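Biologist: I should like to understand the terms that are applied to a protein model. Would you explain the reasoning behind each of them?

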Amino acid sequence: MSVAKKEYKRVTVKSLVDMKKQGEKISMLTAYDYSMAKIVDAAQVDVILVGDSASNVMAGHETTLPITLDQMIYHASSVIRAVERALVVVDLPFGSYQSDPKEALRSAIRIMKESGAHAVKLEGGEEIKESVKRILNAGIPVMGHLGLTPQSIYKFGTYTVRAKEEEEAEKLMDDAKLLEKMGCFSIVLEKIPATLTKKVSESISIPTIGIGGGRHADGQVLVIHDLLGMTHEFNPRFLRRYMNLYEEMSEAISNYVKDVKTRDFPSEEEQY
């Protein structure tokens with residue numbers, strides 16, 4: 001069923017709730033730098049996530065854990081300078097909110113003040129409710145994140161699908177309702193069964209954003225490097241590559257090297 005799409009000059013947290021009510025799916029992508037964010041924003045993506053996945057795709061770390069708050073602020077500041085329409089959400093990095101609600105608030109305030117971002121995202125439910133509460137009480141919008149939570153990778157020990165068993169599925173549902181009740185404006189559901197995504201999405205009034213959660217989420221998010229095919233080792237079932245930039249860039253760079261070596265570049269027309 002096609003749904004009339006409302007034009008948003010500036011997407012806000014309220015816009016996302018309105019989209020869910022109207023049945024309009026929400027598009028979300030990551031960006032970590034000015035140039036990429038400018039392209040993503042111009043393409044009318046609704047939400048730009050400055051994800052801690054920058055730890056992987058920008059810095060080359062195996063997990064999201066090493067990235068620091070200062071580095072997240074740097075990436076977020078770069079993105080904000082490019083964006084005119086999208087809502088910009090920034091991940092609070094590992095260690096900046098889990099154990100101390102006061103530290104969580106300080107971290108969120110730093111992101112908002114120093115980068116100019118519009119909201120923050122935290123991984124977890126009941127176990128981080130005090131941190132979420134403090135941040136929300138300060139007037140900072142919070143996006144939740146349930147299911148596979150990459151910052152807890154050493155606890156899980158694997159990136160496999162989460163909440164397949166009844167007990168974990170029930171906890172995820174309870175956590176989603178808790179985050180909604182506390183005042184979160186949206187929840188990312190990562191790598192959980194599509195049937196559970198449908199159940200959660202129909203049980204709460206705030207939008208769900210899926211990544212490996214199936215088509216029943218109110219929106220979808222992918223890492224921009226994966227969507228464009230800049231990465232090529234990462235091949236999960238949920239990833240649809242819209243380009244193969246790895247091969248195209250490799251060929252272009254190889255051609256440049258060849259042209260330099262053979263003195264074909266620069267030509268007479270390419271010099272002063």
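Modeller: The following exchange takes up the strands, and then two residues.

Biologist: How was this model obtained, and what is its overall arrangement of strands?

Modeller: The model is predicted. Its 8 strands form a closed barrel in the order β1-β2-β3-β4-β5-β6-β7-β8, with parallel pairing. From one strand to the next, the twist averages 25°.

Biologist: Why are strands β5 and β6 called paired?

Modeller: Two strands pair if DSSP finds at least two bridges between them. Strand β5, residues 142-147, is joined to strand β6, residues 186-190, by 5 bridges, so the pair meets the requirement. These two strands run parallel. One of the bridges places Gly 147 with its partner Glu 190 in β6.

Biologist: What makes β7 and β8 a pair?

Modeller: Strand β7, residues 208-211, shares 2 bridges with β8 in the parallel sense. The requirement is at least two bridges, and therefore β7 and β8 count as paired. Within this pairing, Gly 210 stands opposite Gln 220 in β8.

Biologist: Which strand is joined to β8 by 4 bridges?

Modeller: That strand is β1, residues 26-30, which runs parallel to β8, residues 219-222. Ser 27 has Gln 220 in β8 as its bridge partner.

Biologist: Why is Glu 190 called buried?

Modeller: Buried means a relative accessible area under 20%. Glu 190 has a relative accessible area of 12%, and therefore Glu 190 is classed as buried. The residue is found in strand β6. An unreviewed UniProt entry lists Glu 190 under "active site".

Biologist: What makes the link between Glu 190 and His 145 a polar contact?

Modeller: The side chains of Glu 190 and His 145 are joined at 2.9 Å. A polar contact requires a pair of N or O atoms within 3.5 Å, so this distance satisfies the cut-off. Leaving aside neighbours within four places in sequence, Glu 190 is in contact with His 145, Leu 146, Gly 147, Leu 148, Pro 150 and Ile 211.

Biologist: How do you know whether Asp 175 is buried or exposed?

Modeller: The relative accessible area of Asp 175 is 7%. The cut-off for buried is under 20%, so Asp 175 is buried. Asp 175 lies in helix α8, residues 166-182.

Biologist: Which residues does Asp 175 touch?

Modeller: Not counting residues up to four places away in sequence, Asp 175 touches Gly 125, Glu 126 and Leu 146. Leu 146 is also among the residues in contact with Glu 190.

Conventions
Residues numbered from 1 in each chain as written. Predicted model: local features only at pLDDT ≥ 70, side-chain atom pairs only at ≥ 80, totals over all residues. Heavy atoms only, no water. Axes fitted to C-alpha atoms, helices over the stretch in contact; angles between N-to-C directions. UniProt positions renumbered as here; feature names shortened; annotations may be inferred. Buried < 20%, exposed > 50% of the residue type's maximum accessible area, 1.4 Å probe, protein only. Contact = heavy atoms within 4.5 Å. Polar contact = N/O pair within 3.5 Å; in protein donor to acceptor, adjacent residues only side chain to side chain.
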